[in-house]
Amino acid sequence: MTTTRQMLEQPQSPFIQRTISINGSPMVDDREEELSRSALALYKEKEDEIERRKMEVRDRVQKKLGLAEEATRRLAEIREELEALTDPMRKEVSAIRKRVDAINRELKPLGQSCQRKEREFKEALEAYNEKNKEKAMFVSKLVELVTESEKLRMTKLDELSKSIDVSLR
């Protein structure tokens, strides 16, 4: 690509030099004017091309920025949805954990009370079994004494009956 300056600084062709030397100044002025116009047109064309490319690049950059902004919005929406999904879960999990902790605090004294009552129950059961054995021992002793007493009474009755029989005869 040649600029206007380069075109003007280029050495002129021999035809142009001969025209100047033969005819003088008027021919050169027309030729220079034509060269200036073509250089100006070329310059204008190049400027238009540059401007058109700048616009294309600007449009592409704007499109890419638009896409990036859209992607950013979508990511923000997705992040909000994820946070909305995890927040209720966290709240529910936290509430359940608190309830479990509260129940554990209630269970601890109940467990201790249960152990204490089991110990008391075992002690009471042992005392009951001991008293029951003692009662059984006394009942057997009572049965033994009653049996002995009945034997003694029977023997006395027999003796009395024999003594009455001996006396009546």
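The following questions and answers walk through a predicted model of one protein.

Reader: How many helices and how many strands are there in the protein?
Author: Going along the chain from the N terminus, the elements run α-α-α. Every entry in that run is written as a helix, and the protein accordingly has zero strands and three helices.

Reader: What share of the residues of the protein counts as buried?
Author: To be called buried, a residue must have under 20% relative accessible area. The accessible surface of the protein comes to about 16000 Å², and 58% of this surface belongs to carbon and sulfur atoms. Of the 169 residues, the share that counts as buried is 3%.

Reader: Is E126 buried or exposed?
Author: E126 has its place in helix α3, which covers residues 25–168. A residue is called exposed when its relative accessible area is over 50%. Because the value for E126 is 54%, this residue counts as exposed.

Reader: Which residues gather with E126 in a patch of negative charge on the surface?
Author: In this reckoning, Asp and Glu count as negative, so a glutamate such as E126 can belong to a patch of this kind. The patch lies on the surface, and the residues that gather there with E126 are E120, E123, E130 and E134.

Reader: How much accessible area do L75, I78, L82 and L85 have together?
Author: One of these residues, L82, has its place in helix α3. The four side chains form a nonpolar patch on the surface, and their accessible area together is about 410 Å².

Reader: How far apart are the closest N and O atoms in the salt bridge of E49 with R53?
Author: Both residues lie in helix α3, where they are four residues apart, which is about one turn of the helix. E49 is partly exposed with a relative accessible area of 28%, and R53 is partly exposed as well, with 48%. A salt bridge needs a side-chain nitrogen of Lys or Arg within 4 Å of a carboxyl oxygen of Asp or Glu, and for E49 and R53 the closest N and O atoms are apart by 3.1 Å.

Reader: Which residue meets K54 in a salt bridge?
Author: The partner is found three residues away in helix α3, so the two are separated by about one helical turn. K54 is partly exposed at a relative accessible area of 42%, while its partner is partly exposed at 39%. The N to O distance of this salt bridge is 3.8 Å, and the residue that meets K54 is E51.

Reader: What is the N to O distance in the salt bridge of R73 and E70?
Author: R73 and E70 are three residues apart in helix α3, and therefore about one helical turn separates them. R73 counts as partly exposed, because its relative accessibility is 45%, and E70 counts as partly exposed at 31%. Their side chains meet in a salt bridge with an N to O distance of 2.7 Å.

Reader: Which residues are joined into one network by salt bridges that share partners?
Author: The salt bridge of E49 with R53 has already been described, and both of these residues belong to the network. Through salt bridges that share partners, the residues joined into one network are E49, R52, R53 and E56.

Reader: To how many salt bridges does the count come?
Author: The pairs described above, among them K54 with E51 and R73 with E70, are salt bridges under the 4 Å rule. By this rule, the count comes to eight.

Key:
Residues numbered from 1 in each chain as written. Predicted model: local features only at pLDDT ≥ 70, side-chain atom pairs only at ≥ 80, totals over all residues. Heavy atoms only, no water. Patch = residues over 30% accessible without salt bridge, like charges linked within 9 Å, V, L, I, M, F, W, Y side chains within 5 Å. Areas by Shrake-Rupley, 256 points an atom, 1.4 Å probe, with all protein chains shown as cover. Charge placed at Lys NZ, Arg CZ, Asp CG, Glu CD. Buried < 20%, exposed > 50% of the residue type's maximum accessible area, 1.4 Å probe, protein only.
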